Structure formats: structure tokens, C-alpha cells
Amino acid sequence: MPLRLGSVAPNFKAQTTKGDIDFHQYIEGSWAVLFSHPADFTPVCTTELGEVARRASDFESRNVKVIGLSANELTDHEKWVDDINEVNNVSVQFPIIADADRNVSTLYDMLDHQDVTNVDTKGIPFTVRSVFIIDPKKIIRLMITYPASTGRNFDEVIRVIDSLQLGDKHRITTPANWNKGDEVIVHPGVSNEEAEKLFPGFRTVKPYLRLTKSPF
């Protein structure tokens, strides 16, 4: 079965730079971001992991556990982390999954089927840059796939986490280009009578578009 939004995130056991993990146990009670990297010691991946380490407090404040994946052996990961820390002046504290056998990559459909050059010495595809946001119920709430050649925008990852968490707590949705603190949309399923109680002073742009101050 293909993974879709609303699917339960498949569980797996794996070796990581922080020890062996059971994925569901690892994320128990937290949100999670699982993101894949084509290979160790590559320039784009090195900058991405450095950026995630730099933003550790942003994820922690949102109760989000981050876990990376790269299609290499654990010994390579451990050496690579030293490079990431040095290049980016950070300290990588989140685990990185060793997925040389591509078991997790296959489970989450992360393998590259587009770029014929994105393969290892045996011709086995490396991963693309997949991102999964998973909620505390272990439900997949977002999936984004970037090509191996394009680094990710982690501002967008944080933005989506803010939107999802806010929408889970309040009956709202978020408009285009929304950022934390901006106005939000009253959920279409909320009547005007309910909206008066939940969002006093909301404004109606169109009958189907009602805006209110962010509940943050």
C-alpha cells in the first residue's frame, strides 16, 4: 500500500548514530520529522544536517523529534557527523539512521527513480530528499519530496509544523504564505454562531472566507 497523508507511519528498527532504535518507541508522545539524504560526505546533505542542528531549539520548542537517514554504513555516519559539526559550527545531537541496505528507504518509498546518476558503486539507487512530518498518534501529516540536487527549505518545514499544531488545537486553517502570528481562517465547518464564541471579532471577507487573529 502506498503511503498517503493519514497513513500510520510504518514502524522499523534501525541502527543510528545514537544507538539502535524502534521508530515508534522513539517518537512516542512527540511529533517527528523523518528526512532522508542521498549519501554521506556530500555538499548539500552536509549543509542540510548542519541547518537542522542549528535549529534544534525550534524543533524542541514544538515537541518535535528529528531523525535523519542516509544510505550509508554507521561508521561512515560517525565520521560524517564530525565534518557536519566542523563545517557548520554546530553539534549534531539528533540520530541519523544507517540505511545502507535501503530497508527503511524502501519502506517509505524514498529511493530515486529519476536521476540515473544518483546510485552507489553497485548501481543501487540512493534516496531523494524526502520529508515526513508525523504526529504523536504516528499519523503522517505531511510528505514533501525534493530531488537529490536541491536542498530543502527548513523554514517551510517549521511553518507547516506550526500550522498543523495550531489546527489541531483550534478549528482553523491557514492561508497561503501564512507564518506564525498571521491571521488564520475560521474552519469552513464552523458556523457563524460558533465562530462568534470561538473567535470574537472575526471578520468576513466572503461567506466562505472568515479571518481571525492567530490563537497563538
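**View 1. Five aromatic pairs turn up in this predicted model.** Let's start with the one between Phe35 and Phe94. The two rings sit 6.0 Å apart, centre to centre, with 50° between their planes, which makes the pair tilted. Phe35 belongs to strand 3 (residues 31–37), while Phe94 is in the loop between helix 4 (74–88) and strand 5 (96–98), so this pair ties together parts that lie 59 residues apart in sequence. Neither ring is out in the open: Phe35 and Phe94 are both buried.

**View 2. Phe35 has another ring partner, Phe154.** Here the geometry is edge-to-face, with 5.8 Å between the centres and 80° between the planes. Phe154 is part of helix 6 (residues 154–169) and Phe35 is part of strand 3, so the pair links parts that are 119 residues apart in sequence. How accessible is Phe35? Its relative accessible area is 0%, so Phe35 counts as buried. Phe154 comes in at 5%, and therefore is buried too.

**View 3. Strand 3, the home of Phe35, is covered on both faces.** Look along the strand and you'll find that seven of its seven residues are buried. One side carries Trp31, Val33, Phe35 and His37, and the other carries Ala32, Leu34 and Ser36.

**View 4. Strand 3 pairs in the parallel sense with strand 4, and antiparallel with strand 6.** Seven bridges connect strand 3 to strand 4 (residues 64–70). To find your place in that pairing, look for Ser36, whose bridge partner in strand 4 is Leu69. With strand 6 (residues 129–134), strand 3 shares four bridges. A handy landmark there is Phe35, which stands opposite Val131 of strand 6.

**View 5. Four aromatic residues gather in one cluster.** Which residues make up this aromatic cluster? They are Phe12, Phe23, Tyr108 and Phe132.

**View 6. A lysine lies over a tyrosine ring.** The lysine is Lys65, and it lies over the face of Tyr26, 5.2 Å from the ring centre.

**View 7. Strands 8, 9, 11 and 10 make an open antiparallel sheet.** That is also the order of the four strands across the sheet: 8-9-11-10. Which strands sit at the edges? Strand 8 (172–173) and strand 10 (203–206) do, each pairing on one side only. Strand 10 is joined to strand 11 (residues 209–212) by three bridges, in the antiparallel sense. In this pairing, Lys206 has Leu209 of strand 11 as its bridge partner.

**View 8. Thr212 of strand 11 is buried among several neighbours.** The relative accessible area of Thr212 is 7%, so this threonine counts as buried. Leaving aside residues up to four places away in sequence, Thr212 touches Glu183, Val184, Val186, Phe199 and Phe202.

**View 9. How confident is the prediction?** The protein has an average pLDDT of 92, and 91% of the residues score at least 70. Helix 3 (residues 56–60) is where confidence is highest, at a mean of 98, and helix 5 (residues 103–107) is where it is lowest, at 92. A word of caution for any close-up: where pLDDT is low, the predicted coordinates should not be read in detail.

Technical notes:
Residues numbered from 1 in each chain as written. Predicted model: local features only at pLDDT ≥ 70, side-chain atom pairs only at ≥ 80, totals over all residues. Heavy atoms only, no water. pLDDT = per-residue confidence, 0-100. Helix = DSSP H or I, 4+ residues; strand = E, 2+ residues; numbered from the N terminus. Phe/Tyr/Trp six-rings, centres within 6.5 Å; stacked < 30°, edge-to-face > 60°. Buried < 20%, exposed > 50% of the residue type's maximum accessible area, 1.4 Å probe, protein only. Lys NZ or Arg CZ within 6 Å of the ring centre and 35° of its normal. Pairing = 2+ DSSP bridges. Contact = heavy atoms within 4.5 Å.
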